[in-house]
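This is a short tour to follow in a viewer, one selection at a time. Have the model open and the side chains ready to display.

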Amino acid sequence: MRDTLVLNASFEPLSTVTLNRAVVLVLQDKAVVEQAHPGLRVRAAAVDIPVPQVIRLCRYIRVPFRRQAPWSRRGVLVRDQHRCAYCGRRATTVDHVVPRSRGGADSWLNTVASCAEDNHRKADRTPEQAGMPLLREPFEPTPADAMLLTLGQSERDALPAWLARTAA
């Protein structure tokens, strides 16, 4: 199921919701469709609306300031675009740069996406000890970046330029 980006009334990204939830918000006049998937529509007996890709809430929602996005295994895979940090192939696991057995934490800066083979080969060593340099350094995404990353590369490319600038 497609994810729909939800913007606050001030156009700042808030979250992503399922297509069903986005349609309900639009039908209840709590949100408006800012961008739709081209050529796709939701139709029913008395309803015909475009399939929303980005919706904006009609009322401003006050959100407590969040300085950093919460860490998660799924978030690391999405951040690294499911690409192994050691070889570049498809990643299915998360590897700790400094292994947990050596005091490494579950954090954005200590975890990278990894394929199962490289994760097993690196084992309980640092990348330097294993002779496996990182192709790219891990980074900590902002909450807005993390939200936009969940949309996927092809869907992010389809977003309007004004929205891409708000995430930068």
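Start by selecting threonine 111, which belongs to strand β6, residues 111-114. The model is a predicted one, and the stops below are read from its atoms. Is threonine 111 buried or exposed? Its relative accessible area is 0%, so threonine 111 is buried.

Now show the surroundings of threonine 111. Leaving aside residues up to four places away in sequence, threonine 111 touches Trp71, Val76, Arg79, Val94, Asp95, His96, Val97, Ala105 and Pro138. Which of the side chains makes a polar contact with that of threonine 111? Pick tryptophan 71: its side chain and that of threonine 111 are joined by a polar contact of 2.9 Å.

From this group, keep Arg79, one of the residues touched by threonine 111, and add phenylalanine 139 to the selection. Arginine 79 sits over the face of phenylalanine 139, 5.5 Å from the ring centre. As for rings paired with each other, a search of the whole structure gives 0 aromatic pairs.

Next, select the cysteines. How many disulfides does the structure hold? The count is 0. Go to cysteine 84, which takes part in no disulfide. The nearest cysteine sulfur belongs to cysteine 87, at 3.7 Å. A disulfide needs the two sulfur atoms within 2.5 Å, so the 3.7 Å separation from cysteine 87 does not qualify. Cysteine 84 has 0% relative accessibility and therefore counts as buried. Switch to cysteine 58 for another setting: with a relative accessible area of 41%, cysteine 58 is partly exposed.

The last two stops concern backbone angles. Select histidine 82, in the loop between α2 (73-79) and β5 (93-96). What is phi here, in a residue other than glycine? For histidine 82 phi is positive, near 55°. The relative accessible area of histidine 82 is 27%, which means that this residue is partly exposed.

Finish at alanine 123, placed in the loop between α3 (116-122) and α4 (127-130). Alanine 123 is not a glycine, yet its phi is positive, at about 55°. With 47% relative accessibility, alanine 123 counts as partly exposed.

To retrace the route, go back to threonine 111 in strand β6, then to arginine 79 over the ring of phenylalanine 139, then to cysteine 84, which is in no disulfide, and end on the positive phi of histidine 82 and of alanine 123.

Technical notes: Residues numbered from 1 in each chain as written. Predicted model: local features only at pLDDT ≥ 70, side-chain atom pairs only at ≥ 80, totals over all residues. Heavy atoms only, no water. Buried < 20%, exposed > 50% of the residue type's maximum accessible area, 1.4 Å probe, protein only. Phe/Tyr/Trp six-rings, centres within 6.5 Å; stacked < 30°, edge-to-face > 60°. Lys NZ or Arg CZ within 6 Å of the ring centre and 35° of its normal. Helix = DSSP H or I, 4+ residues; strand = E, 2+ residues; numbered from the N terminus. Polar contact = N/O pair within 3.5 Å; in protein donor to acceptor, adjacent residues only side chain to side chain. Contact = heavy atoms within 4.5 Å.
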